[in-house]
Amino acid sequence: MVEKAMIFASEAHCGMLRKGTKIPYIIHPMEAGAIAASITDDMEIISAAILHDVLEDTSVTEEQIKEKFGKEVLRLIKSDSEDKRENLPPEETWKIRKQETIEFLKNKADKKEKIIALADKLSNIRAIYRDYEKIGDELWNRFNQKDKNLHAWYYGSFVETLSDLEGTAAYKEYCELIKKVFG
């Protein structure tokens, strides 16, 4: 299942790049899968971590995911997918979308969903930290939300909402990188 997810995600994200870089996008979901695998050996969770952005950022449909990977993987992917509100500019909906993610993780998410969220957010904060070390505050200009303080609020909120996973190396690394990037 994991190998199938890797191939499927590679095809779905083909040609995409990470924001503001020349790095192939597929590196992020693969890293998220590796982080999930450091926490659990549940193949559905690991596969969902690899596939976590296919619904949100590609033309892949829920039906395709359900058919190839089953209902549980689909549920897990959907738990980490934002309502992009395609009819509105992303910079206008950024805070609403992020608040919805925080509220979901705080009040409704199960441990499986939290593992995927941690895998996604840790991969993101690793990339942010690497680039922040190179280019400093110029980094924030590549995002829809350019205010570093709002990014600090968003990423900082996961320290509490994902604290169920505090015994994992991934959670500890996440907390350390939050301090390094945002102080």
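Leaving aside neighbours within four places in sequence, with which residues is Gln145 in contact? The legends below take up this view and several others of a predicted model.

**Figure 1. Surroundings of Gln145 in the loop between helix 8 and helix 9.** Once neighbours within four places in sequence are set aside, Gln145 contacts Trp94, Trp140, Leu150 and His151. The relative accessible area of Gln145 is 13%, so this loop residue is classed as buried. Thr93 lies 52 residues from Gln145 along the chain, and the C-alpha atoms of the two are separated by 9.6 Å.

**Figure 2. Helix 8 and the residues at its two ends.** Helix 8 comprises 25 residues, covering residues 111-135. The distance from its first C-alpha to its last is 35 Å, close to the 36 Å expected at 1.5 Å a residue. At the start of helix 8, Asp110 places a side-chain oxygen within 3.1 Å of the backbone nitrogen of Lys112. Just after helix 8 comes Gly136, whose phi is positive, at about 65°.

**Figure 3. Leu118 and its contacts.** Leu118 belongs to helix 8. Its relative accessibility is 0%, and Leu118 therefore counts as buried. With residues up to four places away in sequence not counted, Leu118 touches Ile39, Leu162 and Leu165, together with Thr168, Ala170, Tyr171 and Tyr174. For orientation within the fold, Tyr25 may be located as well: Leu118 and Tyr25 are 93 residues apart in sequence, and their C-alpha atoms are 18 Å apart in space.

**Figure 4. Thr161 in helix 9.** Helix 9 covers residues 148-161, and Thr161 has its place within this element. Thr161 has a relative accessible area of 4% and is therefore buried. Residues touched by Thr161, not counting those up to four places away in sequence, are Ile102, Leu105, Lys106 and Lys114.

**Figure 5. Cys14 and Cys175, two cysteines of contrasting exposure.** Cys14 is exposed, since its relative accessible area of 64% is over 50%. Cys175, by contrast, counts as buried because its relative accessibility of 15% is under 20%. A search of the whole structure for disulfides finds zero.

**Figure 6. The whole protein, as context for the close-up views.** The secondary structure comprises 10 helices and zero strands. From the N terminus on, the order of elements is accordingly written α-α-α-α-α-α-α-α-α-α. The C-alpha trace spans about 45 × 35 × 30 Å along its principal axes. For 183 residues, a compact globule would have a radius of gyration near 16 Å, and the value of 16 Å for the protein agrees with this. Buried residues account for 49% of the 183 residues. Of the contacts between residues at least 6 apart in sequence, 66% join residues at least 24 apart. The protein exposes about 9,400 Å², of which carbon and sulfur atoms supply 50%.

Note on methods
Residues numbered from 1 in each chain as written. Predicted model: local features only at pLDDT ≥ 70, side-chain atom pairs only at ≥ 80, totals over all residues. Heavy atoms only, no water. Helix = DSSP H or I, 4+ residues; strand = E, 2+ residues; numbered from the N terminus. Expected span 1.5 Å × (residues − 1). Polar contact = N/O pair within 3.5 Å; in protein donor to acceptor, adjacent residues only side chain to side chain. Buried < 20%, exposed > 50% of the residue type's maximum accessible area, 1.4 Å probe, protein only. Contact = heavy atoms within 4.5 Å. Disulfide = S-S within 2.5 Å. Rg over C-alpha atoms; globule rule 2.2 N^0.38 Å. Areas by Shrake-Rupley, 256 points an atom, 1.4 Å probe, with all protein chains shown as cover.
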